[in-house]
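Q: Please take a close look at the internal cavities of this predicted model and at the helix packing. Which residues line the cavities, and how do the packed helices cross?

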Amino acid sequence: MSVQIPERASAIIIGGGVIGSSVAYHLAKQGWTDVVLLERQQFSCGTTWHAAGLVGTMRANESQARLCEYSMAVLTDLEQETGQSTGFKQVGSISIAHSVARFEELKRVAAMNNAFGVTQVDMITPDEIKALYPFVETGDLLGGSWVAQDGTASPVDITSSFVKGARQRGVKCLEGVKVTAINQANGKVTGVVTDQGEIQADFVVNCAGLWGREVGKMAGVSVPLHACEHYYAITEKQDDIPSDLPVLRDHDRCAYYREDAGSLLVGAFEPNAIPWGQNGIPDDFAFEELEGHMDDQFMPVLEHAMHRVPFLQDVGWRKFFCGPESFTPDDQFHMGESPELKNFYVACGLNSVGIQTSGGLGRALAEWMELGHAPMDLWGNDIRRMLPFQSTQHYIEDRVSETLGLLYENHYPYRQMTTSRNIRHSPLHEKLAAHNACFGEAAGWERPNWFAPEGVEPKYEYSFGKQNWFEYNAAEHKAAREKVVLFDQSSFSKYLVQGRDSCKVLQRISSANVDVEIGKMVYTHWLNDRGGIEADLTVTRLAEDRYWIVSGAAQTIKDINWLERNIGEDEFCCVSDITNAWAVMGVMGPDSRALLSDVLNHDMSTEKFPFGAFQAVELGASRAYAARVSYVGELGWELYVPTDQARHGFDILWDKGQTHGLKMAGMHTLDTCRIEKKFVHYGHDVAEEDTPLECGMSFVCDLEKEIPFIGRDAILKQKETQSFMNKRLVQFLLEDPEAMLYSHEPILRDGIIVGHLTSGNYGHTLGSSVGLGYIEVEDQVTKEYIEAGKFEIDVGGDRIPARASLTAMYDPQAKRMRE
């Protein structure tokens with residue numbers, strides 16, 4: 001059937017599910033009048049129509065909690081605005097625990113969400129669970145959590161409400177129009193080709209859900225997601241099921257329960273999910289069910305459900321359902337502007353949280369498109385966090401078989417993925433394995449997180465307390481502080497920036513002065529025009545027109561995208577990713593100078609090799625570079641060795657190191673050392689919403705240099721108004737050496753929540769857990785404010801007294817790394 005389509009639009013949204021319709025509605029609310037929403041078949045026909053419709057606000061970070069908070073609120077607004085019911089009922093939700101680990105997780109998640117201030121989460125007893133949910137068996141329960149404001153809604157009705165609201169505001173919402181190609185010119189999207197003709201557009205948004213990866217391919221954009229089989233069953237109607245029965249989640253048994261029109265719906269997040277659509281999704285797929293593998297995948301969950309809710313043993317079953325839902329490599333949805341194609345935005349891969357996130361995500365993406373930047377800290381969902389290999393069929397199909405079930409697994413600290421591993425190896429990988437390394441994964445890299453002693457299997461045993469590698473980490477940490485250790489840091493991102501205008505470009509992008517002498521390394525931030533931190537890295541001058549940049553392993557795509565978008569059309573400056581060309585060996589500790597003097601036959605004295613120097617050296621037969629820099633807070637150097645010579649360099653270093661007491665150390669030790677020194681970690685302690693002044697790093701901003709840096713005006717304004725004094729990064733040391741900090745634990749001053757931790761780990765030298773976190777209050781956060789208050793950190797409901805400091809508690813003058 002022919003559909004009349006416009007010749008052009010300001011924005012085209014591909015996909016008429018709950019996300020696409022929300023984006024269309026919120027763009028219209030922003031004042032965009034010529035938006036077009038295209039749906040290949042009928043609205044809601046892909047995944048939305050069979051979603052369970054759970055609406056909750058308890059999330060793993062504050063930004064996502066804010067998205068869900070708005071998503072819930074907009075449901076009422078939509079009904080009033082459009083007259084279309086969304087089916088929203090505020091019935092509350094219960095999560096139960098029948099294992100110690102699950103109960104600990106629920107307590108930590110409750111404390112974390114209470115700190116966000118979005119929702120109130122109460123811990124409840126088995127008797128209280130029974131009172132709220134009379135059908136549940138509580139004999140083996142330890143307790144649970146209760147969120148009174150949560151509820152359920154109708155996914156199809158929510159989508160219809162968004163569509164109706166969008167149409168009322170002028171959006172053309174069209175069904176039966178299939179996008180077949182994405183048009184682009186000069187690195188920018190220009191429109192789409194459909195089976196009904198072409199439409200020109202300034203923006204295109206990929207909200208294609210199950211088809212999101214394929215639509216991405218049309219644009220040359222990597223969108224890692226894949227569909228999996230997803231199951232639930234619905235009982236016959238039961239007279240005694242109240243319409244306000246709370247949602248019940250039994251994570252330990254992979255099940256959730258909700259009332260559904262007088263019936264009980266039982267859904268599953270089973271481990272070892274089965275991917276679907278490996279050979280493509282049929283063109284006519286709409287409102288369809290899958291045959292699935294009901295006996296193997298769902299029936300074990302249902303058997304447990306019959307124990308948990310005993311009346312299920314005696315009821316009839318109206319429906320056994322299997323349908324496709326899309327999942328991503330890290331269980332986080334994708335959103336934002338793609339790095340490959342300007343003005344091509346992504347909002348898909350919702351990992352079963354599409355309904356409860358739809359309103360907030362739609363509004364946030366609309367604001368992102370309007371402003372040109374994310375309206376809040378959304379780095380954990382930014383499509384730039386993904387790497388191209390992650391959208392390959394081999395990788396994503398294997399990974400999503402795990403990520404579906406992980407939604408209901410225990411979210412232990414340091415938990416490692418088991419699928420799609422051994423993709424990226426350091427050239428030292430086999431050497432590290434021979435030293436009994438326990439590998440973890442970051443950005444696809446296999447990295448040694450810790451080293452097991454001889455005779456001990458290098459394998460994690462997860463818990464929320466001190467895990468099985470705690471003592472091995474303590475020994476590595478002690479060696480780093482007292483002797484000398486070797487880190488493999490090859491996964492760190494490395495870029496070469498060169499060309500006639502490279503200095504001018506980097507001076508504009510970098511907050512610090514990088515117009516320095518050749519061989520000088522500069523620690524700097526890259527800021528946005530709001531003063532927020534886009535990157536935290538080092539810039540080294542190799543020549544008048546050539547620079548070497550080192551950043552975090554996960555920031556590669558984001559950093560290069562930021563660099564390239566800030567190079568003017570008339571500027572000659574080229575950026576190359578040289579990460580894979582160079583291995584990095586960090587030699588850290590008080591004895592590092594003696595060792596490297598022996599190995600390199602080079603003058604390593606402070607006079608000849610000062611802090612921040614970058615010099616050519618010979619490591620055996622390898623021509624390498626040595627940079628005097630430290631992320632652990634001790635005297636040390638990073639050695640950059642050509643990849644093809646890295647094994648040779650390692651052997652030379654290790655053999656010579658034995659007379660100096662050299663020990664291997666892993667990434668966990670890098671973290672325990674840096675947190676004692678109050679060194680920040682990008683994506684946790686600093687990100688786009690945080691400024692150098694707020695995190696205590698004003699020294700990276702050269703306000704007087706000849707070429708003003710991006711964000712300078714914002715920093716000057718903060719400095720003049722002293723507004724940064726109301727939000728400052730503080731270091732905390734627990735007084736109880738047994739309690740463990742990880743991240744997001746609430747910070748209390750005199751019994752009142754004043755913030756939450758951004759990162760945490762154990763400080764073996766300081767003798768207890770250390771956390772970093774922002775205190776954000778109306779008062780100025782001064783030294784006097786800190787000293788006048790009594791601080792506690794809420795660790796799973798237990799308030800642990802803590803010492804607080806604006807400066808590093810370990811070596812605050814940074815003398816050890818500069819001696």
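A: The account below takes the cavities in turn and then the helix pairs.

The model is a predicted one. When the whole structure is searched, two cavities of 30 Å³ or more are found. The largest cavity has a volume of about 60 Å³. Its lining is made by Y414, G465, K466, Q467, W469, F470, N473, M740, Y742, N761 and Y762. Two elements, helix 11 (470-482) and strand 36 (752-763), each give two or more residues to this lining. Sorted by class, the lining of the largest cavity comprises six nonpolar residues, four polar residues and one charged residue.

The second largest cavity holds about 30 Å³ of space. Around the second largest cavity lie S426, W445, E446, R447, P448, D488, S490 and S491. Strand 22 (residues 445-451) is the element that gives the most to this lining, contributing four residues. By class, the lining of the second largest cavity has two nonpolar, three polar and three charged residues.

Helix 11 leads from the cavities to the helix packing. It lends residues to the lining of the largest cavity, and its axis comes within 9 Å of the axis of helix 16 (residues 667-676), the two crossing at roughly 60 degrees. Helix 11 and helix 16 are therefore oblique to each other. The crossing in which helix 11 passes helix 16 is right-handed. On the side of helix 11, the contact is formed by N473, E476, H477, A480 and R481, which meet H668, T669, T672, C673 and E676 of helix 16. The residues of this contact fall into two nonpolar, five polar and three charged. N473 has a place in both settings: it belongs to the lining of the largest cavity and to the contact of helix 11 with helix 16.

Helix 1 enters into two further pairings. The first to be described is with helix 8 (residues 354-371): the axes of helix 1 (residues 18-29) and helix 8 come within 8 Å and cross at roughly 40 degrees. That angle makes helix 1 oblique to helix 8. Helix 1 passes helix 8 with a right-handed crossing. From helix 1, the residues V18, I19, S22, V23, H26 and L27 take part, and they meet G354, I355, S358, G359, L361, G362, R363, L365, A366 and M369 in helix 8. The contact of helix 1 with helix 8 contains nine nonpolar residues, six polar residues and one charged residue.

The other pairing is with helix 2 (residues 62-82), where helix 1 packs at an angle of about 75 degrees and the axes are 14 Å apart. Helix 1 and helix 2 are therefore roughly perpendicular to each other. Y25, H26 and K29 of helix 1 make this contact with Y70, V74, L78 and E81 of helix 2. By class, the contact of helix 1 with helix 2 has four nonpolar, one polar and two charged residues. H26 appears in both pairings of helix 1, meeting helix 8 and also taking part in the contact with helix 2.

Technical notes
Residues numbered from 1 in each chain as written. Predicted model: local features only at pLDDT ≥ 70, side-chain atom pairs only at ≥ 80, totals over all residues. Heavy atoms only, no water. 1 Å grid on protein atoms, 1.4 Å probe; cavity = no way out; pocket = protein on both sides within 12 Å on 5 of 7 lines; lining within 4 Å. Points joined across faces, edges and corners; volume = space filled by probe spheres on them. Nonpolar A, V, L, I, M, F, W, Y, C, P; charged D, E, K, R; others polar. Axes fitted to C-alpha atoms, helices over the stretch in contact; angles between N-to-C directions. Parallel < 35°, antiparallel > 145°, perpendicular 65-115°, else oblique. Left-handed = near helix turned anticlockwise from the far one by under 90°. Contact = heavy atoms within 4.5 Å.
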